[in-house]
Amino acid sequence: MTDIPKDHPRYESLITREKIVNGVNIGITSKQGLVAQGRGEAFDYLIGEKTIESAAIAERAAVAHILLARNPIISVNGNTAALVPDLMVALADVTGARLEVNLFHRSDARVHKITEHLRSQGADVVLGGKGDKRLDLSHDRAIVDEDGIFSADVVLVPLEDGDRCQKLVEMRKTVISIDLNPLSRTTLTATVSIIDNVTRALSNMVQFTKDMKNKSNDSLLDVIDAYDNDKVISDTLYSMQENLKNKAEERGIKWI
Ligand code: PTJ
C-alpha cells in the first residue's frame, strides 16, 4: 500500500483508491471494479465530493423503507466489499436487514472470499452462496438466494449495473440504488435513487437509522409519502451544474 500523507489535499480519494486496489489484490474485487471506481470518482468531482441535500433526503427515505420492510436485503458486490465492508455490516446490524453477495463477474471463489471478508467484519449471516434461484437475466447477476433477494420486498443495490435493478422493480420490489451517476439506468429505474458516494451514503444511513429507529410506522410512512425521486434526480443535476459554475467563476472562467 502506498503511504498517503494525511495532509494530502486528495487524501480521502487516494485512500479509497488504495482500498479498491487492495480488494483486487486479495481477490474480492474484480479488475473491472477499478474502472467502475474511476467513473464514480469523476461523478463525485462533479457533485463536489459531499452529500448534497437531495442525497440526504433519499438516504432518509431509503432508511424508512428498510425499517418498514418484511425482508430487506443489502446486496454486496466486489467494490462495496472492498470499500465499505464495516459500514454494510453496521447497516445490516442496526436495520435488521441481511447481506447477500451478488456478483456480475461471478465465481464461487469470489463469493466465498467476500463472505469471509464480511464475516471478519462481524457479519453473522451472509447470503448468496446458495444461488438456488435465477432472476430473468442473461448474466450471472441473475443468480440469487431464494430466501434472500428473490423473496425480498426491499433491496439495497449499491454500484449496480442497471438491468438487475430494472428486473427487481418489475418484480414489484422496492429498489434503493446508490450510484453517483445521476443519469445511469440504475438511477433512472430505482424506487429511491441515492446519488452519493457509497462511503458517505452508508455512513449517513447508519446514523439516520439510529435517529429514525424509534419512530412510529406512521411517521416512517410519512417520510416515504413525501419523497419524490424525480425531484431528487433533477435537484442533483442542478447542484452539479451550480458546483461547476462556481468552480469556474472562482477561477475567473466565464460560465456560458
Ligand atoms: O463485483 P462485481 O463482479 O459484481 O462487479 C461490480 C462492478 C461495479 C464492477 C459492476 O457492477 C459494474 O461494472 O458496474 P458499472 O456498470 O461500472 O456501474 C457502477 C456504477 O457505480 C457507475 O455508474 C459508477 O459511476 C458508480 N460508482 C462507482 N464508484 C462509486 C459509484 N457510486 C457510488 N460510490 C462509488 N464509490
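In this predicted model, Asn181 makes contact with Phe43 and Thr187, once residues up to four places away in sequence are set aside. Asn181 sits in the loop that runs between strand E7 (174–178) and helix H8 (185–189). With a relative accessibility of 16%, Asn181 falls under the 20% cut-off and so counts as buried. The side chain of Asn181 also has a polar atom 2.9 Å from the backbone nitrogen of Leu183.

A little further along the chain comes Thr186, which has its place in helix H8. Thr186 counts as buried too, because its relative accessibility is 2%. Neighbours within four places in sequence aside, Thr186 touches Glu160, Asp161, Gly162, Cys165, Ser177 and Asp179. One of these residues, Gly162, offers its backbone nitrogen at 3.1 Å from the side chain of Thr186.

Both residues turn up in the annotation as well. The unreviewed UniProt entry places the feature "binding site" at Arg17, Arg39, Asp179, Leu180, Asn181, Arg185, Thr186, Asn197 and Val198. These positions cover 182 residues of sequence, and they are spread out in space too, with up to 24.7 Å between C-alpha atoms. Which of these residues are included in the lining of the largest pocket? The lining includes Arg39, Asp179, Leu180, Asn181, Arg185, Thr186, Asn197 and Val198.

Now for the sheet. Six strands form an open sheet in the order E3-E2-E1-E6-E7-E8, and their pairing is parallel. Why is one side of strand E3 (126–127) and of strand E8 (192–194) left without a neighbour in the sheet? These two strands stand at the edges and each has a single partner strand, so there is nothing in the sheet on the other side. In general, strands of a sheet pair through backbone hydrogen bonds, in either a parallel or an antiparallel way.

Further inside the order, strand E1 (residues 72–76) and strand E6 (residues 154–158) pair in the parallel sense, with three bridges between them. Within this pair, Ile74 has Leu156 of E6 as its bridge partner. Helix H6 (residues 108–120) packs on the sheet, where it touches E1, strand E2 (98–101) and E3. The direction of helix H6 makes an angle of about 155 degrees with that of E2.

Technical notes:
Residues numbered from 1 in each chain as written. Predicted model: local features only at pLDDT ≥ 70, side-chain atom pairs only at ≥ 80, totals over all residues. Heavy atoms only, no water. UniProt positions renumbered as here; feature names shortened; annotations may be inferred. 1 Å grid on protein atoms, 1.4 Å probe; cavity = no way out; pocket = protein on both sides within 12 Å on 5 of 7 lines; lining within 4 Å. Helix = DSSP H or I, 4+ residues; strand = E, 2+ residues; numbered from the N terminus. Buried < 20%, exposed > 50% of the residue type's maximum accessible area, 1.4 Å probe, protein only. Contact = heavy atoms within 4.5 Å. Polar contact = N/O pair within 3.5 Å; in protein donor to acceptor, adjacent residues only side chain to side chain. Pairing = 2+ DSSP bridges. Axes fitted to C-alpha atoms, helices over the stretch in contact; angles between N-to-C directions.
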